[in-house]
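User: I should like to learn how to read cysteines and strands in a protein model. May we work through an example together?

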Amino acid sequence: MIELGQVIPDTPLAELNQQGMQNHTSHELFAGKKVVLFAVPGAFTPTCSEAHLPGYVVLADEIKAKGVDLIACVSVNDAFVMQAWGEAQNAENILMLGDGDASFTKALGLEMDTASFGGVRSRRYAMIIDNLTVTQLNVEPPKSFEVSKAEHVLSQL
């Protein structure tokens with residue numbers, strides 16, 4: 001698993017926006033920026049839709065006021081699902097990224113196998129990245145939702 005002080009892996013991430021499908025790399029997106037990145041096991045799932053993403057939507061301005069250049073949400077879903085979920089959640093200030101093949105999640109060492117529920121998914125976490133280096137890492141234990149909340153991350157900025 002990635003650790004504090006390490007550089008995030010350079011892997012593909014996808015975004016669907018008004019210009020169409022955008023294929024990025026994590027280094028392209030996060031280089032030279034202070035980033036709050038949080039991950040969810042799945043778009044449109046209960047905790048993710050009722051609490052995790054909404055917390056970042058509500059606190060986006062406060063988070064950015066602390067010097068954060070970018071807030072990004074990643075999930076092992078395709079970019080179409082992430083874009084639709086972002087629209088449904090009014091997440092216009094959050095970059096919604098699809099990790100369709102879980103390559104980013106696996107490179108971080110933060111994958112989990114949910115078997116028949118959904119296969120390989122991301123663990124729930126939040127991290128603060130400063131110019132590609134992890135400066136805070138908050139990984140949730142299974143079936144927990146405390147340290148990756150927007151409120152907790154805001155307190156770490």
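Analyst: Let us begin with one cysteine in this predicted model. C48 has a relative accessibility of 1%, so C48 counts as buried. C73, at 0% relative accessibility, is likewise buried.

User: What is a disulfide, and how many disulfides does a search of the whole structure find?

Analyst: In general, a disulfide is a covalent bond that links the sulfur atoms of two cysteines. Here, a search of the whole structure finds zero disulfides.

User: Why is there no bond between C48 and C73?

Analyst: A disulfide requires the two sulfur atoms to lie within 2.5 Å. The cysteine sulfur closest to that of C48 belongs to C73, and the separation is 7.9 Å, which is too far for a bond. Seen from C73, the closest cysteine sulfur is that of C48, again at 7.9 Å and too far for a bond.

User: Let us turn to the strands. Is strand 3 mostly covered or uncovered?

Analyst: Strand 3, residues 34–40, is mostly covered, with six of its seven residues buried.

User: Which strands are joined to strand 3 by bridges, and in which direction do they run?

Analyst: Strand 8, residues 125–130, runs antiparallel to strand 3, and six bridges join the two. In this pairing, K34 stands opposite D130. Strand 4, residues 70–75, runs parallel to strand 3 and is also joined to it by six bridges. There, V40 stands opposite S75.

User: Through which helix does the chain cross from strand 3 to strand 4?

Analyst: The chain passes through helix 2, residues 46–65, and this β-α-β crossover is right-handed.

Notes:
Residues are numbered from 1 along each chain as its sequence is written. This is a predicted model: local features need pLDDT of at least 70, side-chain atom pairs count only at pLDDT 80 or more; totals for chains, interfaces and linings use all residues. Side-chain values use heavy atoms; hydrogens and water are left out. Buried means under 20% relative accessible area, exposed over 50%, partly exposed in between (1.4 Å probe, protein chains only). Helices (H or I, at least four residues) and strands (E, at least two) are DSSP runs, numbered from the N terminus. Two strands pair if DSSP finds at least two bridges between them. A crossover is right-handed if, with the strands pointing away from the viewer, the path from the first strand over the helix to the second runs clockwise.
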